[in-house]
Amino acid sequence: MTTPAPLLLTSIHDVSPRFEGEIDALLDRLVPVTSIQNLAMLVVPNFWDAAPLHKSPAFCRKLRDWSARGAEIFLHGWHHRAEHLPQSRFDRFRAKHLTAGEGEFLAIGQESAVRKMRDGRKLIEDIIGNPVSGFIAPAWLYGTGAQEALAEAGFTLAEDHMHVWNPVSGATLATGPVVTWASRSTLRTASSLAFARVAPAILSRYPVARIAVHPGDVSKPSILSSIDHCMSRLLRQGRVPGRYSELVADSQGLAA
Ligand SMILES: [Zn+2]
């Protein structure tokens with residue numbers, strides 16, 4: 001039996017009409033490296049309540065086209081903004097330090113999480129004419145209600161900073177830190193650039209490496225060149241660009 005080649009999974013976060021130009025720029029950069037079939041696109045139905053998909057038919061046509069060309073489409077929250085303050089001190093710490101108020105699924109109750117997940121999936125599937133591949137919470141933050149809602153809503157793929165898992169079966173599909181960049185402040189940018197420099201070495205012992213880019217990344221040339229550099233180092237390690245759905249298929253194959 002041969003060992004499968006280590007994978008590189010690449011995702012574009014915050015796919016929304018609000019960032020149409022930035023998403024196009026990221027696609028221009030990434031598609032030649034990975035191909036569109038190996039890109040995950042994380043769609044926000046109504047970013048900050050200011051960019052509803054249903055009011056952007058031209059963007060919906062693009063979304064349908066990306067899906068038809070093979071991109072994996074994920075639901076990424078509903079409006080990407082937290083409505084409630086988390087109850088626990090640990091979650092309040094996570095909300096404050098890991099996001100700019102964007103932990104939409106951190107303090108949410110299970111019932112409203114399920115409703116948003118189902119409504120968001122239906123909205124996107126009606127647009128693209130294909131099933132969505134999974135759900136990834138804004139800022140990768142899930143409270144208990146959101147964790148339970150994932151299985152109830154039937155998603156077979158989710159991820160956070162350190163894991164990819166199948167919420168229905170409970171199986172962990174991949175581990176290891178996601179490499180991502182922060183454009184919000186000079187300090188955060190500097191620390192994300194520093195991590196990206198060491199990440200390929202750290203990830204060399206993991207079968208799956210994950211790269212996640214955001215619309216704001218295109219505003220900083222230092223981030224763009226770090227993304228290019230990090231991806232080419234990961235590919236030189238012998239990784240092949242792949243799809244999140246391969247992880248589910250592999251785990252089901254192993255279980256069979
Ligand atoms: Zn996001």
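Is Trp140 buried or exposed, and what is its relative accessibility? The legends below take up this residue along with other close-up views of the structure, which is a predicted model.

**View 1. Trp140 in the loop between β6 and α5.** At 6% relative accessibility, Trp140 counts as buried, because the cut-off for that class is under 20% relative accessible area. The residue lies in the loop that runs between β6 (134-135) and α5 (144-152). Its backbone is also worth a look, since phi of Trp140 is near 60 degrees, a positive value in a residue other than glycine. Most residues other than glycine have a negative phi.

**View 2. Asp49 in the loop between β3 and β4.** Here the loop between β3 (46-47) and β4 (51-52) holds Asp49, whose phi is near 55 degrees and thus positive, although the residue is not a glycine. With a relative accessibility of 46%, Asp49 counts as partly exposed, because that class lies between the limits of 20% for buried and 50% for exposed.

**View 3. Helix α2 and its buried side.** Helix α2 is made up of 12 residues (57-68), and from its first C-alpha to its last it reaches 16 Å, close to the 16 Å expected at 1.5 Å a residue. Within α2, the residues Phe59, Cys60, Leu63, Trp66 and Ser67 are buried. These buried residues are on the same side of α2, because they cover an arc of only 120 degrees around the axis. The face turned away from this buried side carries Arg61 and Ala68, which are exposed.

**View 4. The surroundings of α2.** The elements that cover the buried residues of α2 include the strands β1 (7-15), β2 (39-43) and β5 (72-75), together with the helices α1 (20-34) and α4 (110-128). Just after α2 comes Gly70, which takes a positive phi of about 115 degrees.

**View 5. The open sheet β7-β8-β9.** Three strands form an open sheet in the order β7-β8-β9, and their pairing is antiparallel. The edges are taken by β7 (158-159) and β9 (172-175), each of which has a single partner strand, so one side of each is left without a neighbour in the sheet. Between β7 and strand β8 (residues 163-165), which run antiparallel, there are two bridges. A reader who wishes to follow this pairing at the level of residues can look at Ala158, which stands opposite Trp165 in β8.

Conventions. Residues are numbered from 1 along each chain as its sequence is written. This is a predicted model: local features need pLDDT of at least 70, side-chain atom pairs count only at pLDDT 80 or more; totals for chains, interfaces and linings use all residues. Side-chain values use heavy atoms; hydrogens and water are left out. Helices (H or I, at least four residues) and strands (E, at least two) are DSSP runs, numbered from the N terminus. The expected span of a helix is 1.5 Å times one less than its number of residues. Buried means under 20% relative accessible area, exposed over 50%, partly exposed in between (1.4 Å probe, protein chains only). The arc is that of the directions from the helix axis to the C-beta atoms. Contact means heavy atoms within 4.5 Å. Two strands pair if DSSP finds at least two bridges between them.
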